[in-house]
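Work through the exercises below with the structure open. Try each task before reading its solution.

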Amino acid sequence: MNRSHHASQPLTAVEFEILLSLASDDLHGYAILQEIESRTGGRLGLFPGTLYRAVNRLLQGGWVAERPDASASQDDPRRRVYHLTSEGRRTATREAERLSRQLITAKARNVLRKGEVR
Amino acid sequence: VNTLYRVLLRCYPPAFRARFGDELVGAFEAGFRASRERGVIPSVIFAVTRLADAASSEFAERWAERSATHLAVHPSGFETRSARWWLQDLRFAMRVMRRQPGFSVVVISTLALGIGANTAVFSVLDVVLLQPLPYANADRLVHVETDNGPLRISGGPASYPDFVDWRAADLFEDIGIYQVGNSVIRIGDSSERVQSAAASASLFSTLGVPPVIGRLPSADEDRPGTQPVVLLTEGLWRRRFASDPNILSRPVPINGKPLLVVGVLPASFVFQSDPEFWTTFEDDGDVTTRANRYLDVIARMRPGEPRTLVNERLKVICARLDQVYADSNKDWRASVVPWQESQVSAARPQLVLLAGSVGLVLLIGCSNVAMLLLVRGARRAREFAVRAALGAGRHRVATANGKSRVVACRRGCRRWTRDMVGVLVCAVWSARYSAAGGDRDQRTRAALCAGGIVRSRGFVRARAGAPVVETGRQCLAAGRRPICDARPPGPGPRPRAPHRGDRDLARADRRGGAAGKELCQARRRGRRVSYRPSADISSAAADGEVPDWQRVSA
């Protein structure tokens, strides 16, 4: 899947969650899983197979890159640490803005129940 | 579980596996360790969900990779083209089937009849000859048969006193004796003649059959001369006694005598002639007479004890009985044979003959289908000609019409060969154990293994696919000489079939290539020579160049 083809499509929920996880810190795959699980309170149950497929797409899209120095994965040499590229950060921002606009529209049309989103 | 996960990862596309395989395993192992700390159930849930995720992700990844390949066009162009061809061929095959429903129905029903008959007969063969008998340790159950050389009796029954002596000799782990017959049982106001059997209590322990309710006859009750007791089968107990639990210790009139019911045998217990109830032996004078040999003896050998050794010991005991009871045991010997063998030996030749017959039916059906396919192949020569004239190469024509079948047939034949080798190995293995009188269970496993292999799809497919080889050849032949029927209207000789090389030559001739013209002349004179352009003639012609020609064979 080439980059231009992928860039024309909106991010999937899993891809966006991965970008959000990497926005604050560089993480390896298992840490991304744990971070997403703790952040979403277990609502987004992500499995390794799904995660690494999404990571593969993000790597191919150039939004995520592997950090060459693996100092953060001393506990398990098999782990690779990923970081968000500038392109990935821009994409995450665009996606957040898109979702924000959708949220505003949803609020304006009373789609959301009161108190559901502050 | 970790190993299973690693094995499952092998289904991922190689590139994905090389890139993320170790990480996936690492994440799985870490997560599994954490879930085990939470307990057994969480760890099981974790393992099952992650394995399912791996399986589904593999499929998704392979599908995505395949889609991407098709979108991006494979560098060689082969895979994409091949996939497209397969789809085309599939659609074409469906269209042909739809347009010729009679032909399709005949072929399918012929093969279905042959395969169905074979499957049905083999199912019977499997159950009767290959499956072990439904008793505990069925591989160690043997039938004790008697022989008398001077009287020319072999495989005969035994007498009760002989059975008592064999039991006392402690030759077997357990030994029992029985006789199947008819009895009249009175239930309420009605009497009914039913199948029944008399047996020693040890027969049920030999066969490993515990009663559903009640107990087996005690040693005192088991002795002929005491009042016999009854064991009902579960079927009779439910049907005629309404599953009455108070049936135990109640007398039931059998053959005019009230006999005590001591237990009920389970419905899963099946025996030859399906007796409705069992009694212990009654001393009617016949049972205790040593010369009255009319009872069948079943014994269970000790684990690992070879049959030959048991037979040797039996021979010694029988020789001793011969000396002690010369009037009744003169020249009487005993031997053991596997019980299953003694039960099915009469049916074996008929079943094997039947299996061979239906095999021949399938063979005849296949040959009929082959003939039909040949005729249809000959009728489709015009179609092949049109395909070739429209630019389809030899390979494409073969692929569309015969190659897929040839390939399927080759695969089928390969599998068939492998299966046959497997069956032979199993047969040799089985025969070895049989000759050594060894472990019956091993032989049963070998036979079942062979049965499983024979029933595999390849066995059937090879037979179904074999006749289409000829059709494939027909197609290939038609691909070489494609337009033999495409003669122009009017009288005159039939033009020789030009093939692709001729068309290229003609094109070269039109463009004024000296080499092409020369080669065309050589061909028209009937010289059997072949030439090939040194470069792609189409691109050369597009550039306005005349390609060079190479002679490839004389």
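Buried means under 20% relative accessible area, exposed means over 50%, and partly exposed lies in between (1.4 Å probe, protein chains only). This is a predicted model: local features need pLDDT of at least 70, side-chain atom pairs count only at pLDDT 80 or more, and totals for chains, interfaces and linings use all residues. Residues are numbered from 1 along each chain as its sequence is written, chains are lettered from A and ligands numbered from 1 in the order in which they are written, and side-chain values use heavy atoms, with hydrogens and water left out.

**Exercise 1. Place Glu221(B) and state whether it is buried or exposed.**

Step 1. Find helix 8 of chain B, residues 219-222; Glu221(B) sits there. Helices (H or I, at least four residues) and strands (E, at least two) are DSSP runs, numbered from the N terminus.
Step 2. Check the relative accessible area of Glu221(B): 15%. Glu221(B) is therefore buried.
Step 3. Look across to Glu282(B). The two are 61 residues apart in sequence, and their C-alpha atoms are 9.9 Å apart in space.

**Exercise 2. Describe the make-up of chain A.**

Step 1. Count the elements: chain A has 5 helices and 3 strands.
Step 2. Read them from the N terminus on: α-α-β-α-α-β-β-α.
Step 3. Turn to burial. Chain A has 118 residues, and 39% of them count as buried.

**Exercise 3. Trace the salt bridge between Asp26(A) and Arg67(A).**

Step 1. Recall the rule: a salt bridge is a side-chain nitrogen of Lys or Arg within 4 Å of a carboxyl oxygen of Asp or Glu. The whole structure holds 27 of them over all chains.
Step 2. Take the distance. Asp26(A) and Arg67(A) meet at 3.1 Å, N to O.
Step 3. Locate both ends. Asp26(A) is in the loop between helix 2 (13-24) and strand 1 (27-28) of chain A, while Arg67(A) is in the loop between strand 2 (64-66) and strand 3 (81-84); the pair links distant parts of the chain, 41 residues apart.
Step 4. Check exposure. Asp26(A) is partly exposed at 24%, and Arg67(A) counts as buried at 19%.

**Exercise 4. Find what Glu66(A) is linked to.**

Step 1. Start with Arg80(A). Its side chain meets that of Glu66(A) in a salt bridge of 3.9 Å, N to O.
Step 2. Place the pair: Arg80(A) is in the loop between strand 2 and strand 3 of chain A, and Glu66(A) is in strand 2, 14 residues apart.
Step 3. Widen the view. Glu66(A), Arg80(A), Arg19(B) and Glu23(B) are linked in a network of salt bridges.

**Exercise 5. Explain what the bridge between Arg290(B) and Asp165(B) ties together.**

Step 1. Note the closest N and O atoms, 2.8 Å apart.
Step 2. Locate the ends. Arg290(B) lies in the loop between strand 9 (277-279) and strand 10 (296-300) of chain B, and Asp165(B) lies in helix 6 (residues 160-168), so the bridge ties together parts 125 residues apart in sequence.
Step 3. Compare burial. Arg290(B) counts as buried at 13%; Asp165(B) is partly exposed at 22%.

**Exercise 6. Show how the buried residues of helix 14 of chain B are arranged.**

Step 1. List them from residues 381-389: Ala381(B), Phe384(B), Ala385(B) and Ala388(B).
Step 2. Look down the axis of helix 14 of chain B. The buried residues fall within an arc of 105°, so they line one face of the helix. The arc is that of the directions from the helix axis to the C-beta atoms.
Step 3. Add the general rule. An α-helix has 3.6 residues a turn, so residues three or four places apart point the same way.
Step 4. Move past the end. Gly391(B) follows helix 14 of chain B, with a positive phi near 110°.
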